[in-house]
Amino acid sequence: MTKLDVNAPNFNWGELGFAYRQTNAHIIFKSKGGKWDNGELVTEPFLQMHIAATALHYGQTCFEGLKAFRMKDGKVRVFRPQANAERIIQSCEYCMMTPPSVEMFLDGVKRVIKANIEYVPPYGSGASLYIRPVMFGIESKVGLSSSDEYAFVIFVTPVSDYYKGGMSNPVKSLIMAETDRAAPFGTGHIKIGGNYVATVRSSYLAKKRGYPVLLFLDSATRTYIEEFATSNFFALTPADANGKRAYVTPKSHSILNSVTNMSLEICAKELLGWDVERRRIAYSEVEEGKFDEIAACGTAVVITPVGEIDHEVVKEDGSVVVNKHVVGDGVTVGEGLKKLYNTLVDIQNGEREDPFQWMWPA
Ligand code: COI
């Protein structure tokens with residue numbers, strides 16, 4: 001994927017933020033009775049669907065998020081699309097939807113990028129092409145059961161930072177009382193719309209109070225860290241005399257298996273020589289100051305440093321207290337996060353070797 005961007009749009013790429021922008025085309029595949037067609041590129045960004053489609057009322061829909069980068073050698077490559085293909089297959093299987101094959105997913109990604117090649121931001125701009133595959137049941141049904149017909153759309157949009165300032169701006173996070181993201185044996189581990197809409201209202205309320213991102217604890221005991229509304233959680237222990245740290249991230253059935261988090265674990269262990277711990281993390285460990293750096297990670301947010309976590313706790317008399325925890329000095333981005341971030345984005349931009357063959361096509 002190297003075509004010259006002769007008609008490159010005139011964007012201020014670094015200032016795009018995270019918003020939908022119309023591009024040339026998206027691709028749509030359709031299936032009936034478990035069989036997918038070959039997909040077609042469509043320019044008009046609207047759908048006509050039945051008012052009783054299962055996606056609309058029972059939420060039979062799942063999605064993915066991945067990114068394409070224009071790399072140092074001028075080629076356009078996608079970060080670990082096979083991992084996203086495998087994850088949407090898991091989401092589909094859980095929701096009894098007809099999954100795409102890995103090959104079909106990759107074929108769709110390749111065709112939609114090719115059709116929108118001039119929207120892949122330039123090398124060095126700090127921006128990328130966000131790829132959003134979305135799958136939904138389109139059969140008309142009113143009783144609760146799985147659809148026999150699906151649409152699988154992949155659209156793209158150029159993006160830069162999700163949270164203003166990205167990696168250079170630590171955000172404030174809130175653990176809100178009496179709001180949960182996912183049930184212990186619910187759907188928190190798959191990428192379905194329902195997990196996100198569950199946090200929309202509380203996220204809106206938190207944002208109005210100056211917290212761009214909500215952090216959730218486990219809904220059964222409100223003791224262990226789960227994830228942010230938009231992304232996974234990880235923390236770093238202070239560096240020892242040799243610069244070695246531990247990368248610590250929650251283990252839970254009800255959090256999304258983030259491709260970025262898995263990749264950062266590998267970068268931390270294999271490229272930086274740090275320890276990696278995927279385990280239950282009691283929030284009290286944060287309050288005790290066990291970690292000197294904390295961040296959100298995901299495709300959209302990349303690594304977003306967290307400068308403060310405020311924890312709302314309901315007391316026995318029903319009153320709410322807010323326990324404030326400042327991470328580091330609250331405003332400076334830690335050295336560990338900088339190292340990890342540079343390792344990841346240097347692979348994505350082709351500025352360092354890609355030892356795990358993450359960039360596709362190789
Ligand atoms: C992503 O990081 O790709 C996501 O899908 C999260 C979403 C809130 C933008």
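**Strand pairing, core and backbone outliers**

In the predicted model, Pro-361 is located in the segment that follows strand S18. The peptide bond between Trp-360 and Pro-361 is cis, with an omega of about -5 degrees. Strand S18 itself covers residues 359–360 and is joined by two bridges to strand S6, the two running antiparallel. Trp-360, the residue that enters the cis bond with Pro-361, stands opposite Val-78 in this pairing.

Strand S6 also takes part in a second pairing. Strand S5 (residues 66–70) and strand S6 (residues 76–79) are antiparallel and are connected over three bridges. Arg-70 has Val-76 of S6 as its bridge partner. Five residues separate S5 from S6, and the two strands form a hairpin. Within the turn, Gly-74 has a positive phi of about 90 degrees. Strand S6 thus has bridges to S5 and to S18.

At the level of the whole chain, the secondary structure amounts to eight helices and 18 strands. The radius of gyration is 21 Å, close to the 21 Å given by the globule rule for 362 residues, so the protein chain is as compact as a globular protein of that length. The C-alpha trace spans about 55 × 55 × 35 Å along its principal axes. Buried residues make up 43% of the 362 residues of the protein chain.

In soluble globular proteins, nonpolar side chains tend to be buried together. The largest nonpolar core of this model contains 88 residues, among which Ile-113 and Leu-214 touch the most other members. Strand S8 (residues 149–159) supplies the largest share of this core, seven residues. Domain 1 (26–160) and domain 2 (171–349) each contribute at least three residues to the core.

Most residues other than glycine have a negative phi, and most peptide bonds are trans. Against this background, two further positions may be described. Arg-222 has a positive phi, near 50 degrees, and is not a glycine. Arg-222 belongs to the loop between strand S10 (213–217) and strand S11 (225–228). Arg-222 counts as partly exposed because 17 other C-beta atoms lie within 10 Å, fewer than the 20 needed for a buried residue and above the limit of 12 for an exposed one.

Val-302, likewise not a glycine, has a positive phi of about 55 degrees. This residue is found in strand S16, which covers residues 302–314. Val-302 has 23 other C-beta atoms within 10 Å and is therefore buried, the cut-off being 20 or more. Pro-305 is also placed in strand S16. Pro-305 counts as buried because 25 C-beta neighbours lie inside 10 Å. The C-alpha atom of Pro-305 is separated by 9.5 Å from that of Lys-338, which is 33 residues away along the chain.

The surroundings of the ligand consist of Gly-65, Thr-230, Gly-298, Thr-299 and Ala-300. Classified by type, this shell holds four polar residues and one nonpolar residue, with no charged residues.

Technical notes: Residues are numbered from 1 along each chain as its sequence is written. This is a predicted model: local features need pLDDT of at least 70, side-chain atom pairs count only at pLDDT 80 or more; totals for chains, interfaces and linings use all residues. A residue is near a molecule or strand if its C-beta atom, placed from the backbone, lies within 6 Å of it. Ala, Val, Leu, Ile, Met, Phe, Trp, Tyr, Cys and Pro count as nonpolar, Asp, Glu, Lys and Arg as charged, and the others, Gly among them, as polar. Two strands pair if DSSP finds at least two bridges between them. Helices (H or I, at least four residues) and strands (E, at least two) are DSSP runs, numbered from the N terminus. A nonpolar core is a set of buried Ala, Val, Leu, Ile, Met, Phe, Trp, Tyr and Cys residues joined through C-beta atoms within 7 Å. Domain bounds come from an automatic or database domain assignment. The radius of gyration is taken over C-alpha atoms; the globule rule is 2.2 Å times the number of residues to the power 0.38.
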